[in-house]
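Please examine the sequence and the three-dimensional structure shown below. The questions and answers that follow are intended for a reader new to them.

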Amino acid sequence: MSDLNENNYGTSDALKKLEEQRTQVAKSMRLVMIGAFCLLIPPIGLAVIFFAYSKLKKAQDEMKVLYKEAFVREPLERNFEDVIYEPSNGFTREVVQNCQLCRMGNRFYSEDYIRASYMGVPFEMADVNVWDVDKSDDKTYTTTYFKGRMIFLNFPDKVVSSVMLYSKSFKYRGISKKDSKQLKVELEGIQFNDEFDVFSPVPHDAFYLLTPQVMERLQKLDSQYQSIAINVVGNSVVLAFNEPDNNAFDSKTTIGNVNVDEEMAKVQSDIDDIKLFISAILNSAYTS
């Protein structure tokens with residue numbers, strides 16, 4: 001399917017508007033190109049380019065909003081209960097800092113806030129970007145500490161005291177070097193130990209939480225994303241997907257045809273990751 005047309009996803013109105021906006025984006029691009037040719041007459045060319053770029057920026061912003069309506073809100077409501085979706089809102093810096101999963105820089109941004117529940121488990125999630133900007137010797141250095149999605153889940157029973165887990169490739173960790181040395185836990189699975197670092201002041205809790213089913217799910221997630229991290233305290237679980245090249249619930253398509261099936265499959269895959277992780281935790285000793 002190469003065009004946006006009516007389908008059985010229950011979003012035909014939004015899809016129709018998205019198609020109209022895509023056409024507007026293409027028209028604005030053509031106008032920008034015309035303005036470039038008109039630069040032979042600078043005052044006219046600059047005026048055309050300025051006008052066309054303004055229309056292009058507005059059309060692309062509106063297309064992004066329509067994408068979220070067409071491909072995000074409806075799938076969320078189909079898969080979860082009590083859905084609240086606020087694309088322009090996110091977590092505060094304090095909330096992310098308190099979860100202690102990643103290093104905190106001097107820049108922070110969060111959007112695409114979602115609150116919902118699945119199988120009786122309430123959760124909140126949002127895209128999070130944490131980075132540091134350092135100016136030295138007339139040069140600016142930018143380091144991305146985390147860019148991806150964070151999910152805060154609340155489970156009914158308080159069993160585990162504290163467990164923190166990182167993919168080996170998770171570079172800018174929130175845990176201190178001292179705690180990394182003192183709290184390191186080695187599990188029985190050799191392959192799992194090769195892929196993850198696990199920390200807990202009570203090693204028994206790590207074994208309690210990380211059942212074979214949970215470890216299998218974490219290994220699958222680690223293969224899908226650049227890196228992942230988890231912090232478990234009491235009945236709260238914070239899960240972080242570090243994926244700097246991809247924003248969850250954002251289309252990579254701004255110009256050209258939008259493939260409905262591919263876009264729906266992408267969003268559904270993100271949703272399924274959440275559902276499978278919650279199911280794995282519910283079936284572990286953590287909540288028994």
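Q: Is Asp197 buried or exposed, and what is its relative accessible area?
A: This is a predicted model, in which local features need pLDDT of at least 70, side-chain atom pairs count only at pLDDT 80 or more, and totals for chains, interfaces and linings use all residues. Residues are numbered from 1 along each chain as its sequence is written, and side-chain values use heavy atoms, with hydrogens and water left out. Buried means under 20% relative accessible area, exposed over 50%, and partly exposed in between (1.4 Å probe, protein chains only). Asp197 is therefore buried, with a relative accessible area of 9%.

Q: Which parts of the chain does the salt bridge between Asp197 and Lys184 tie together?
A: A salt bridge is a side-chain nitrogen of Lys or Arg within 4 Å of a carboxyl oxygen of Asp or Glu; the side chains of Asp197 and Lys184 meet in one at 3.4 Å, N to O. Helices (H or I, at least four residues) and strands (E, at least two) are DSSP runs, numbered from the N terminus. Because Lys184 lies in strand S6 (residues 184–185) and Asp197 in strand S7 (residues 196–199), the pair ties together parts that are 13 residues apart in sequence.

Q: Which residues are linked with Lys184 in a network of salt bridges?
A: Lys184 is partly exposed, with a relative accessible area of 34%. Glu186 also forms a salt bridge with Lys184, the closest N and O atoms being 3.5 Å apart. The network links Lys184 with Lys168, Arg173, Glu186 and Asp197.

Q: How many residues apart in sequence are the parts tied together by Glu243 and Arg149?
A: The structure holds seven salt bridges, and one of them joins Glu243 to Arg149, with the closest N and O atoms 3.5 Å apart. Both Glu243 and Arg149 are buried. Glu243 lies in the loop between strand S9 (236–242) and helix H8 (260–282) and Arg149 in strand S4 (residues 139–154), so the parts tied together are 94 residues apart in sequence.

Q: Which element supplies the largest share of the largest nonpolar core?
A: A nonpolar core is a set of buried Ala, Val, Leu, Ile, Met, Phe, Trp, Tyr and Cys residues joined through side-chain atoms within 4.5 Å. Of the 45 residues in the largest one, those that touch the most other members include Phe123, Leu153 and Phe277. The largest share of this core, eight residues, comes from H8.

Q: Which strand gives the most to the lining of the largest pocket?
A: A pocket is found on a 1 Å grid over the protein atoms alone, as an open set of points where a 1.4 Å probe fits, with protein on both sides within 12 Å along at least five of seven lines; lining residues have an atom within 4 Å of a point. The largest pocket is lined by 19 residues, and Gln100, Ser162, Met164, Asn231 and Val233 lie nearest its centre. Helix H3 (93–99), strand S5 (160–167), strand S8 (227–234) and S9 each supply at least two residues of the lining. The most, three residues, comes from S5.

Q: Where in the chain is confidence highest?
A: The predictor's confidence in each residue is its pLDDT, from 0 to 100; the chain averages 79, and 70% of the residues score at least 70. Where pLDDT is low, the predicted coordinates should not be read in detail. Confidence is lowest in helix H1 (residues 12–37), at a mean of 60, and highest, at 95, in S7.
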